[in-house]
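Good morning, colleagues. Please turn to the sequence and the structure, which I shall now show, and I will guide you through selected parts.

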Amino acid sequence: MSSSTAFPGQSPLAETAPLSLCAREPHVPADRLVAEMVPPPRFDSVRFDTYVPDPNQPSQSEAVTVLSGFAAGLGGAHATGSGRRKWFGNKKPAAPAGPRGVYLDGGYGVGKTHLLASLWHATPAEPSLKAFGTFVELTNLVGALGFQQTVRTLSGHRLLCIDEFELDDPGDTVLVSSLLSRLVESGVALAATSNTLPGKLGEGRFAAADFLREIQGLSAHFRPLRIDGEDYRHRGLPEAPPPYSDEQVTRAAYATPGASLDDFPGLLEHLAKVHPSRYGALTDELGAVCLTGVTPVPDQSTALRLVVLADRLYDREVPVLASGLPFDQLFSDEMLNGGYRKKYFRAISRLTALARDAKGLVAQ
């Protein structure tokens, strides 16, 4: 379709054709991976006082109180800002008393990332001395820099926040556990979140136990905080809009500045050619993602790549408009009952929220 294309009875929809994610193959230097370890744009302005606790869930208010105190207590850590400990004779400075980490345990959409980002913002340190990233982004950083260089890069930080800590890959869990052990020795404070499945009574407690066991010798450094509640992305909101037609999606793509337009199966094939650490760059400067022909994801590897893309789109608040099947039919029952189910439920929740955001792109 040319740049001057107009649908019947309409004026030209845009000066240029939509972008295509399938045409993008970004290369991300390692220093960008480090520099981008800050709360994503969706959480730029969140603070503890913008978190609205559910009055029926006292654990949410308690979490705000505990995390506020935790942030205030980090004021003395690495006070020189040099990232190097000072030695006096042969004595190492005493570590601050109490746990040097917090673990936020709860279901989908209870505001764990909001609270984690608020902790990052509230910690009294320059942004260059605080790091925030997902578990996947942290493992990607180790892959890009190497283990020892990652230790050196992060050991001068006052705080490391890890969102969506994953326990389903033993190798990566051991790798990150070893990294965190080295960082704790350097005086870095830690905070992490993870998900539990909705509707699983008591599973949150098991998730906390799993987390503390998997990080091996670090258990004593973490205080678990249970956060109960329902998914705020669906709380009191209408159901996600049903999928649109191919024509509606295409019209919206041409009418929306900075929108991309791709065939869903083609996009899934393209994601296999791009390392997940580059999915953030893949979405740079997008105004919206428009997808035609959404179908069930064919296999586990493809599904896991789509989860990472969904996370990056959600972080950047990029609305997603689609035709084909609704997003709650992306993953098979086998996937939703398997070892990666937490990731798939998170992706459904986030894509549903982005589909709701995209509703205004379609001409009524």
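How many contacts beyond four places in sequence does the model have for residues 79-96, where pLDDT stays under 50? The model has 13 such contacts for residues 79-96. I begin with this question in order to introduce confidence, since what you see is a predicted model. A second stretch, residues 1-12, also has pLDDT under 50 throughout, and there the model has 18 contacts beyond four places in sequence.

For the chain as a whole, the mean pLDDT is 82, and 78% of the residues reach 70 or more. Among the elements of the chain, helix α7, covering residues 203-214, has the lowest mean pLDDT, at 59. The highest mean belongs to strand β7, at 98, and I shall now turn to that strand and its surroundings.

Strand β7 belongs to an open sheet of 3 strands, in the order β6-β7-β8, and the pairing is parallel. The edge strands are β6, residues 259-263, and β8, residues 320-324, each of which pairs on one side only. On average, neighbouring strands of this sheet are turned by 15° against each other, direction ignored.

Let us examine the two pairings in turn. Between β6 and β7, which run parallel, there are 5 bridges. In this part of the sheet, Asp262 stands opposite Leu291 in β7. On the other side, β7, residues 288-294, is joined to β8 by 4 bridges, and these strands also run parallel. Here Val289 stands opposite Val320 in β8, while Val294 has Gly324 in β8 as its bridge partner.

Is β7 enclosed or open to its surroundings? Of its 7 residues, 6 are buried, so the strand is largely enclosed by the rest of the structure. As a general point, side chains in a regular strand alternate between the two faces of the sheet.

Two helices lie across these strands. Helix α8, residues 246-255, lies across β6, β7 and β8, and runs at about 160° to β7. Helix α9, residues 264-271, lies across β6 and β7, and its angle to β7 is about 110°.

Helix α9 also packs against helix α11. The angle between α9 and α11 is about 95°, and their axes are 10 Å apart. Angles of 65 to 115 degrees count as roughly perpendicular, and α9 and α11 are therefore roughly perpendicular to each other. At this packing, Phe264, Leu267, Leu268 and Leu271 in α9 meet Thr302, Arg305, Leu306 and Leu309 in α11.

I close with one residue of α11. Gln300 lies in this helix, which covers residues 300-315. Is Gln300 buried, exposed or partly exposed? Its relative accessible area is 35%; because that value falls between the cut-offs of 20% for buried and 50% for exposed, Gln300 is partly exposed. Leaving aside residues up to four places away in sequence, Gln300 touches Met335, Tyr340 and Tyr344. With Tyr344 there is a polar contact between the two side chains, at 2.5 Å. Finally, the C-alpha atoms of Gln300 and Phe331 are separated by 9.0 Å, although these residues are 31 residues apart along the chain.

Thank you for your attention.

Conventions
Residues numbered from 1 in each chain as written. Predicted model: local features only at pLDDT ≥ 70, side-chain atom pairs only at ≥ 80, totals over all residues. Heavy atoms only, no water. Pairing = 2+ DSSP bridges. Axes fitted to C-alpha atoms, helices over the stretch in contact; angles between N-to-C directions. Contact = heavy atoms within 4.5 Å. Buried < 20%, exposed > 50% of the residue type's maximum accessible area, 1.4 Å probe, protein only. Polar contact = N/O pair within 3.5 Å; in protein donor to acceptor, adjacent residues only side chain to side chain. pLDDT = per-residue confidence, 0-100. Parallel < 35°, antiparallel > 145°, perpendicular 65-115°, else oblique.
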